[in-house]
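This report goes through side-chain contacts, nonpolar packing and strand pairing in one protein chain. The sequence and structure come first.

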Amino acid sequence: MSSSTEDETQENVDVHVPIKINTQQSSGMGNASDSDDYNDVAGALVDVEGFCYADYRIEQYAHSVLDFSSQYGIDLSISYTAPNITGRPSKYPDYGDFPQTFAMRTYGIWWDKAPSHLKEIHPQSLPAVHSEDFIVLYFEDYVIPEEIAIFETFNPGAIVRIWAYTITKAWVCLWDDAEFYKRPAYTANKARRFSPLLKKIHLPTKTIRLEFNHQRLHYYTEIDAVLLGGRKFNMSNLQNLLDFQERQRKGSILCKLQNMKFRPVCQDNYQTRLQHFLDHDLNKFMSAVSDVQIKQINNNDSTRVSHVGLKDMPFDIVLKIFSYLDLISLFRVGQVSRFFYDVSNHPLLYSELNLKPYWHLASTELLSTLAKRATVLKKLDMSWCGCTIQTVSPTEFKKFIQQRGDTLTHLRLNSSKFLNSSCIETLGIVCDNLKELSLRNCSLSPPLLNFSCLANLKNLERLDLFQTVIEQDLLLTMLESNPKLKHLNLAFCNVAVNMDDVALHVSEYNKNLVSLDMWKAHFLSAQGVLALSKCHDLEEVDFGWCLREATLGDSLKEFLMKCPKLKKLFLAAVRGLTDRDLEDIANLCPNLEQLDLMGVLGISKERYQDILQKCKKLELMDLSFCDNIMDYEVAMWSHNFKVNIKCCHVPNEIR
């Protein structure tokens, strides 16, 4: 990130819309003759079900941002923030690091290798390619989506999923990169107009969601704009389309019976039809199910047949088998038989719940169902649930916590916009056994959430308030009340929070701290750094952008001397660093694995080389936008010391 500023292959999936679908890819500027799905009628297009569409295709750029999980820039800045993705491209087709684009917080695998890394809750629920970040975009006009083009101007290749929110009030996945890990990573140093082949749907949308996985990125990705192209939808037919969709909704069993053309023999008397079916036709239907037959030879050489099923196995073994299933599979297997239903409802299978992969399915009804099953719930992740479209009721969530929250030890509610003050109050009162609480990016603009009841929590070991507004007095009270705290994330925290005061409290009440993230926080000085030197177990600190103008003196040396376990040290844009400070890093950090010096100026290249020579465990070093070093020197260092060195430059136009 520039320190001069503040900052195509698609898997075919059945479309649940009973309209004839043309499987050929749509051309760039299609017309009525491009598809067999339509007939020309008085200047419009009428599909086989009689719904009317405009006879022209429109293209529109994102009008606004409805939601996002992460951004590199701060809200008060115009650099690297989410709104930069709206409107027409301003930099494409130029390639490089531009503050006028949208960028997110992480890249590569480095945050997963840091001491603060989180293990996933109920990992079997994760898809093969999981999403790490998202952004939701709003467009002005409803269209039948035919093309979505993303203009990537720096390190393309992080987009793994594209969703559309249709008029049926449901999210539809238009594209899923199932080959993400099988295909070579995108390495070309040029901008990309990424327009994957979308799944054909005949439902209008003007809300698009992009999801990202940063694992294969060399450095931060940046996006300039997003274009949505498709046929204009005639909104006068909206109610007819909704009525048609409702009529077509059928249960899975009925659909299967119809596909099998199963027709039971029924008597004329309606009252006796069900009994007649059970007496005469049920066996015919069930004959399709094959029992496992084991032939055994008895002493008389006769053959006998033994019927063995899963329900003959010990219950504990079946329960163990079911424990490997994801949440959707648990619900599905419960529909197979009464025995499977009983097993799939066992509370031990719901001691960990991860609803983040099912954010588009999470609802008040689902939460109510899970409350009946998860009677021994320990870990819950409801991150991203209720984002943009509030399908989870705050009242139902509060009720769920009141029923099951007293056993919770881990709770993650990142970007959960259904939270209100009453929900937070309930958390503070009920969940007194919490060891982990993550509230990333869950605060809305005023009125602010009331976090005062969180002062009741006494057992926290991890607290994540990334990009969440919290009052300083409450934060300090929480630090005093949780002496076992090991991981604290205050990145992008409230501008009114003085990080020197936080550092003094941490040094007094939280001396066992392992990781501390103050990235882009405010009011941290040499005094705060010196206070943190009392936390001898620190393995990870991020002071990026929060020590920009501070004069460090001997505070950094004292900190490094007293914290010899440091593995990750991020000092991005710390202007006060000197050659002497880098000498101290080289001499006092034998366990250092990751070092970020992005945007540090006035350092001689010999000091960088000293660190590479003396820090034998170093794996990552960010020297982007540092002066006094050349590209060939970076390439030589990277080769000789086997260290992944990042070194980007300021674009020519802003040098």
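The text below treats salt bridges, then the nonpolar cores, then aromatic and charge-ring contacts, and last the strands.

## Salt bridges

The model is predicted, and side-chain atom pairs are counted in it only at pLDDT 80 or more. It holds 26 salt bridges. The table lists three of these pairs.

| Pair | N to O distance | Citation |
|---|---|---|
| Glu 436 and Arg 412 | 2.5 Å | salt bridge |
| Glu 539 and Lys 567 | 3.8 Å | salt bridge |
| Arg 580 and Asp 554 | 3.3 Å | salt bridge |

The side chains of Glu 436 and Arg 412 form a salt bridge at 2.5 Å. This pair links distant parts of the chain, with Glu 436 in strand β17 (residues 436-438) and Arg 412 in strand β16 (residues 410-412), 24 residues apart. Glu 436 has a relative accessibility of 4% and therefore counts as buried. Arg 412 is also buried, because its relative accessible area is 6%, and a residue counts as buried under 20%.

Glu 539 and Lys 567 meet at 3.8 Å, N to O. Glu 539 lies in the loop between α12 (526-532) and β21 (540-542), and Lys 567 in the loop between α13 (555-562) and β22 (568-570), so the salt bridge ties together parts that are 28 residues apart in sequence. Lys 567 counts as partly exposed, at 31% relative accessibility.

Arg 580 and Asp 554 meet in a salt bridge at 3.3 Å, N to O. Arg 580 belongs to helix α14 (residues 579-588) and Asp 554 to the loop between β21 and α13, so this pair ties together parts that are 26 residues apart in sequence. Arg 580 is partly exposed, with a relative accessible area of 43%. Elsewhere, salt bridges with shared partners join Arg 57, Glu 59, Glu 146, Glu 147, Arg 193 and Arg 231 into one network.

## Nonpolar cores

Which residues touch the most other members of the largest nonpolar core? They are Phe 397, Phe 543, Phe 559, Leu 597 and Met 621, in a core of 111 residues. Helix α10 (residues 472-481) gives the most to this core, with five residues.

Leaving aside residues up to four places away in sequence, Leu 597 touches Leu 571, Leu 577, Leu 582, Tyr 608, Ile 611, Met 621, Asp 622, Leu 623 and Cys 626. Another core, of 58 residues, lies apart from the largest one, and its members include Met 1, Ala 82, Trp 111 and Met 598.

## Rings and charges

A search of the whole structure finds 25 aromatic pairs. In one of them, the ring centres of Phe 134 and Trp 384 lie 4.9 Å apart with the planes at 70 degrees, so the pair is edge-to-face. Phe 134 is in strand β6 (residues 133-154) and Trp 384 in the loop between β15 (379-381) and α8 (394-404), and the pair thus links parts of the chain 250 residues apart. Phe 134 and Trp 384 are buried.

Two contacts bring an arginine to a ring face. The charged end of Arg 209 sits over the ring of Trp 359, at 3.6 Å from its centre. Arg 216 lies over the face of Phe 180, at 5.7 Å from the ring centre.

## Strands

Strand β11 (residues 222-233) is mostly covered, with eleven of its twelve residues buried. Strand β5 (residues 102-103) pairs with β11 in the antiparallel sense over two bridges, and Ala 103 stands opposite Glu 222 in β11. Strands β6 and β11 also run antiparallel, joined by ten bridges. Ile 144 has Arg 231 in β11 as its bridge partner; Arg 231 is one of the residues in the salt-bridge network.

How many of the residues of strand β7 (residues 159-166) are buried? Eight of the eight are, so β7 is largely enclosed by the rest of the structure. Seven bridges join β7 to strand β10 (residues 205-212) in an antiparallel arrangement, where Ala 164 has Ile 208 in β10 as its bridge partner.

Strand β7 also pairs with strand β8 (residues 171-176), antiparallel and over five bridges. Trp 163 stands opposite Cys 173 in β8. Four residues separate β7 and β8, which form a hairpin, and Lys 169 in the turn has a positive phi of about 60 degrees.

Definitions and conventions: Residues numbered from 1 in each chain as written. Heavy atoms only, no water. Salt bridge = Lys/Arg side-chain N within 4 Å of Asp/Glu carboxyl O. Buried < 20%, exposed > 50% of the residue type's maximum accessible area, 1.4 Å probe, protein only. Core = buried A, V, L, I, M, F, W, Y, C linked by side-chain atoms within 4.5 Å. Contact = heavy atoms within 4.5 Å. Phe/Tyr/Trp six-rings, centres within 6.5 Å; stacked < 30°, edge-to-face > 60°. Lys NZ or Arg CZ within 6 Å of the ring centre and 35° of its normal. Pairing = 2+ DSSP bridges.
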